Amino acid sequence: MSTSSPEGSRPAEGSVQSGGQAGSKSGGRGRSRATASGAYREVTLSAIVFGIVVGAVMNAAITYAGLKIGFTIVGSAIAAVLGFGVLRGLLRRGSILETNIGQTIASAVNTTNAGVIFTVPVLLLLGHSLGFGDRDFWLITLACVAGALLGCVFIVPLRKQMLDIDRLRFPSATAVGAILKSPGAGAKKSIVLAVGIVVSVLLYLPAGLPAIKTTAGVDDLDGLVERERITPADADRTRMIAGWIEAREAPPEIVERGRLELALREARDAAEAEGAPESAGALVEEIKGRITELGVAASAHVPLSVAAYEASEGLREWSSLRSMSLGWAGRPMWGYKDLGIRMGEERDAETNRLTVRVDRDGNGRPDLVVTDDQVDVGRVLGLPDEMALAFAIAPFALGAGYLTGRAGLMVLAGGVLAYLVLNPLAFRLGWMPATVRADAVGGYALSAFNRPLGIGLLLGGAMMGIVASLPAIREALRGIARAGRGTGRGGGGGGRGGRDELGFAPLLVIGGVALVVLILASEFSGAGGTTEMTGWLAGLDPWVARAIIALVAAGWIWFAGIIIAQCTGMTDWSPISGMALLTVVLVMMLAGKGDVVSAVMLGAALCVAISCASDMMADLKTGYIVGSLPRRQQMVEIATVAIGPLITMATIVLIAGVNMKQSGIPIGPGTETVAPQAQALEAVIRGVQGGEMPYMLYGLGAALGALLGLGAFSGLGVLVGLSMYLPIVYILTYGLGCVVNMLVAKIKGRAWAEEWGVPFCAGLIVGEALLALGINSIVLLRG
Amino acid sequence: MKLGAYLLITICLVVGVVGALTAYLPRLDLPDERLIGLTLNDVAGKRPAAQGGGPIASKNDTITAPLLAELRAAGVGRVRVKEFGFDRWSGWWMFLLGCLGLGGGAVVVKREIRREIAASGQARAEGGAGPEEALSSVLREVAALRQRLGTLPDEQTRLRAIIETLGAAQQGGIASFVAARPVLLGRLGMSGFARLMDVFSAAERQVNRAWSAAADGVEAEATACLERAETLLGEAGAKLSSAASR
């Protein structure tokens, strides 16, 4: 079945001749790239099914990986490569545009996980329950679906301004475009793309492989400590477990802890059962008290103590305690760290001990200069400790920097300004607590002032960017209006009078429905609409106040969506966490510091919205490069984007359920899924509740960002703000890519730098993404 | 001059940010009444190593007279607090100075860019290639390609011709036209530029689609897109000419 649009180009009868061969690559399958009626294959059932299946699988897998390791992977490049494999390889008919539709859908379904896993697990960390039977689960899911739709609806009218007029680069989208075009780009470019992938894999392999671990042998422990693969404490714990296994016995207090933990789980289940007596709750508290009374043993790893109890009762083999999930040390695969490149020896004349300069961790060995994921050039050059100059081993950042080109230098400049000028200056001037060590300056400064100032700069810069682009936005909106009247510029198949974009009418209907859903979710979430507000809206009728909060959140989603799309378009970096932080703060200020559920729910809706907005714009950029009709991409993205939040939320609840069974904790420290990003947001929420937010710094940053945008380039504030807020290691690698681009253009010419640099860098981006997905899959499959 | 303005912007950004950093870092030599009662947002001070080397005050501690005295005696110059107050913000003048410099730098940069655009217009008038030339070269290539397609013997040759010609146009004329953005912006203003790019981008997308269709071997789609691209490029050229004549 073909779902190609009716106005898709219908060639004259018989105009498609026998299987034409495109260039040197298409292999004489011209007819197979067209539908039975001869129209060019674009939106087809196979592309839709492929996109949904791949997107759903990636979504669930990346949600788990994100909760476990703390970062997510953008799926477009992977979906594009898989699209070739499935649509062109297995089905032997996918066209470039059909594969593009497949990757558009896959990334739309997948992209929402980044927004949800950053926010929703915070509720679990803060002690709220979240299950399929909870009202808040469904309200949050609905809010995220509404957010996804709003993100798409809000960003569609800006396509012309961002892509046609401002010509934002969207490095990863450009890379995906290069992949999609590879079948017709000629053998040489395909080889360059493949070389890029191979180089990326070779570079990233030693950085990624150490994530794969096998259980270490007891004899290996000293060597692993020596190579700084595990800590002495890990080695001691492993030896302790080995001793238990050998003796077939564990200390009584550990066994007792395990017994109590199992009793606690049973008591919790009984207390949560329908119609449970009050005494069930009291029993839970009593057992908790007895666990606390155990003292030191109470701090033992819960799953290990449970396993020890089960082994002592004969419920499992003692040898089964030899498991990394129970705290047994793991032996990582080979990585850069194993090169053993260290600082030179430098000893204190009096104590003969290594100086702090070469041995920051005080383990008696000079520190490693090359770790698995970064190279600390600053320490090699002998820079002061407070100046951070380390490069991430990240081919994707190098490739993204190259594809961004000269404009990316502003990001580099901002990073250098923050990490090599401002932070050391603040440290030297004594503006940091005396207890902050020089080598910890970067981390301290990031949370104390770089982040608020950087986010402020971003906001101010984005505001100025919008003001500067108002004429372009007005023209873009006129274009949409023309599309609504059917008088747009002939699109993909449309010819004159065809419509490029979705018109205002469908956007208003979809947006209106999404807004109503968001308002309803806001009305009934958390404490519900009957509870008085304590924030700025105190005194208002709670139902009205909650509706206002939802409307403010929707307005903020629009603005944040533009910021994120601009950032992604200019640099490939997406400050979602910063926007989520501001949303949560905004809602807590409006509703009161106690209404965490509503704040997190709207934060989640915003995160999902802005990730969908930037993903849609990136997909539209890829579509532009291959000549796809925007309206078709917009339709399939809006039609499928709601699937993502459902999958992510369900995955989180399933993971939390398993964790509760295993360790009595739904998520976070003490479980397999530590949810590092959510922990960061939890710290922010606690900070807001404790009055720690430096609001003025955000405002001052915004003023500087707006003024920066007054000059030649209205996006300057965005770029500088972004770089102050991102880790320096990635900024430097990214900046290196920008510099390489400029050098290549200088030596070989701009056209050569584009023609050969783009496929190579596309390879760098795709290679890392594929390898990271592969490594994560292995890690997850091995448990 | 432009380089000087960028330098000014950079320096003023540093000055402004340094000024902003002091917003929550009051100096401890301020009168007691301005400091007592404030809440620390971080640890402060450091005890001698003999006393453990820990901080003198903890986060969330309220500044009291004895604590203030202890911090001053330990040589602590500033502490990070939760409350903001203009009367405690020592770097306000640096922030203001930074803002003024950024504004001034922006004005100079804008003026220099206008001057450069005017100079480039002059150079074009004296025979240099400009956006008009880039646009008409793309239009000529597309038109010539459409004519040539009718003379080519088989589908494979026609598809190869489309891929090669459009590939060259994407790298050549289209890229040159896009690179002329500053010149076009200076000449047409943002609104005029937006109207022009609306048409040009529609044309470019047709070129891209024709390339993809040719790469996939779907000749009918490729030739239909070429026809639309030629029309739209002509429309863009007309818009540019009419804007130039005004």
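Contact here means heavy atoms within 4.5 Å. Helices are DSSP runs (H or I, at least four residues), numbered from the N terminus.

Welcome to this structure, which is a predicted model: local features need pLDDT of at least 70 and side-chain atom pairs count only at pLDDT 80 or more, while totals for chains, interfaces and linings use all residues. Residues are numbered from 1 along each chain as its sequence is written, chains are lettered from A and ligands numbered from 1 in the order in which they are written, and side-chain values use heavy atoms, with hydrogens and water left out.

**A pair of helices**

Let us start with helix 20 (residues 542-571) and helix 21 (residues 576-591) of chain A, whose axes come within 11 Å and cross at roughly 160 degrees. Helix 20 and helix 21 of chain A are therefore roughly antiparallel (an angle over 145 degrees). In helix 20 of chain A, A:Trp556 and A:Ile563 are among the residues that meet helix 21 of chain A, where the partners include A:Met579 and A:Leu586. This contact of helix 20 with helix 21 of chain A is made up of 13 nonpolar residues, one polar and no charged. Nonpolar covers Ala, Val, Leu, Ile, Met, Phe, Trp, Tyr, Cys and Pro; charged covers Asp, Glu, Lys and Arg; the others, Gly among them, are polar.

**The cores**

A nonpolar core is a set of buried Ala, Val, Leu, Ile, Met, Phe, Trp, Tyr and Cys residues joined through side-chain atoms within 4.5 Å. Buried means under 20% relative accessible area and exposed over 50%, with partly exposed in between (1.4 Å probe, protein chains only). The largest nonpolar core has 166 residues, and A:Leu518, A:Met579 and A:Met617 touch the most other members. Helix 22 (residues 596-626) of chain A gives the most to this core, with 19 residues. A second, separate core of 67 residues includes A:Leu180, A:Leu403, B:Ala134 and B:Leu188.

**An enclosed helix**

Helix 23 (residues 630-640) of chain A has nine of its 11 residues buried, so it is largely enclosed by the rest of the structure. A:Arg631, A:Arg632 and A:Glu637 are among these buried residues.

**Two loop residues**

Two residues that are not glycines have a positive phi.

| Residue | Phi | Loop in chain A | Relative accessible area |
|---|---|---|---|
| A:Phe170 | about 45 degrees | between helix 6 (159-165) and helix 7 (171-181) | 1%, buried |
| A:Arg248 | about 55 degrees | between helix 10 (232-247) and helix 11 (252-272) | 55%, exposed |

Notes: Helices (H or I, at least four residues) and strands (E, at least two) are DSSP runs, numbered from the N terminus. Axes are lines fitted to C-alpha atoms, for helices over the stretch in contact, and angles run from 0 to 180 degrees between N-to-C directions. Angles under 35 degrees count as roughly parallel, over 145 as roughly antiparallel, 65 to 115 as roughly perpendicular and the rest as oblique.
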